[in-house]
Amino acid sequence: KVSGTRRENFVSKMVAENIERQQTQKEHEQKINEMNTKKRNEQLQQKKLQEECEQQKAEREIQRILETSEELKELERNLKVAYVNKERAAQHEEAKILRSLENANQKEIEIQMEY
């Protein structure tokens, strides 16, 4: 009977040690997974920061080119002149139409006064 009790105690002890070992292994794997996730997140954040820096650098380069390019400045001046000329042409056309309408109204008045 003592031998059977010892055996049961031994088996119980082995089962408990096995459960503890499995729990420790599970905790270890969980920590590794958390560390890997943290590392991936840090890498993604670093990549995002790097991309933002590159985007800002590209925008600064574009701005520098826009500010220093004589060709672009000349194109901008030409565009402004073209817009002014277009507006003048529209005003001139509007004035012609108004004169034409005034002349037509004046002729109508003269025709009615003759009767």
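**Figure 1. Lys-73 and Glu-70 in helix 2 of the predicted model.** Lys-73 and Glu-70 both belong to helix 2, which covers residues 70–114, and with their positions three residues apart in the numbering they lie about one turn of the helix apart. The two side chains form a salt bridge in which the closest N and O atoms are 3.9 Å apart, a distance that counts because the cut-off for such a pair is 4 Å. Glu-70 is classed as exposed, with a relative accessibility of 51%, whereas Lys-73, at 29%, is classed as partly exposed. Side chains of opposite charge can pair when their charged atoms come close.

**Figure 2. Glu-74 and Arg-77, a salt bridge in helix 2.** Glu-74 and Arg-77 are joined by a salt bridge whose closest N and O atoms are 2.8 Å apart. The two residues are separated by about one helical turn, because they stand three residues apart in helix 2. Glu-74 is partly exposed at a relative accessibility of 37%, and Arg-77 is likewise partly exposed, at 41%.

**Figure 3. Glu-61 and Arg-64, a salt bridge in helix 1.** In this pair the closest N and O atoms are 2.6 Å apart. Since Glu-61 and Arg-64 are three residues apart in helix 1, about one helical turn separates them. Relative accessibility is 36% for Glu-61, which is therefore counted as partly exposed, and 42% for Arg-64, which falls in the partly exposed class as well. The count for the protein comes to four salt bridges, among them the bridge between Glu-61 and Arg-64.

**Figure 4. A nonpolar patch on the surface.** Phe-10, Val-11, Met-14, Val-15 and Ile-19 together make a nonpolar surface patch of about 460 Å². Ile-19, one of these residues, is placed in helix 1, which runs over residues 2–68. For the protein as a whole, the accessible surface comes to about 11,500 Å², and 53% of this area belongs to carbon and sulfur atoms.

**Figure 5. The setting of the close-up views in the whole model.** The protein contains two helices and zero strands, and its C-alpha atoms fill a box of roughly 145 × 50 × 10 Å along the principal axes. Its radius of gyration is 44 Å, whereas a compact globule of 115 residues would have a value near 13 Å. Of the 115 residues, 1% count as buried. The protein carries 23 positive and 24 negative charges, and the mean positions of these two sets are 15 Å apart.

Methods. Residues numbered from 1 in each chain as written. Predicted model: local features only at pLDDT ≥ 70, side-chain atom pairs only at ≥ 80, totals over all residues. Heavy atoms only, no water. Patch = residues over 30% accessible without salt bridge, like charges linked within 9 Å, V, L, I, M, F, W, Y side chains within 5 Å. Areas by Shrake-Rupley, 256 points an atom, 1.4 Å probe, with all protein chains shown as cover. Helix = DSSP H or I, 4+ residues; strand = E, 2+ residues; numbered from the N terminus. Buried < 20%, exposed > 50% of the residue type's maximum accessible area, 1.4 Å probe, protein only. Rg over C-alpha atoms; globule rule 2.2 N^0.38 Å. Lys, Arg positive; Asp, Glu negative; His and termini not counted. Charge placed at Lys NZ, Arg CZ, Asp CG, Glu CD.
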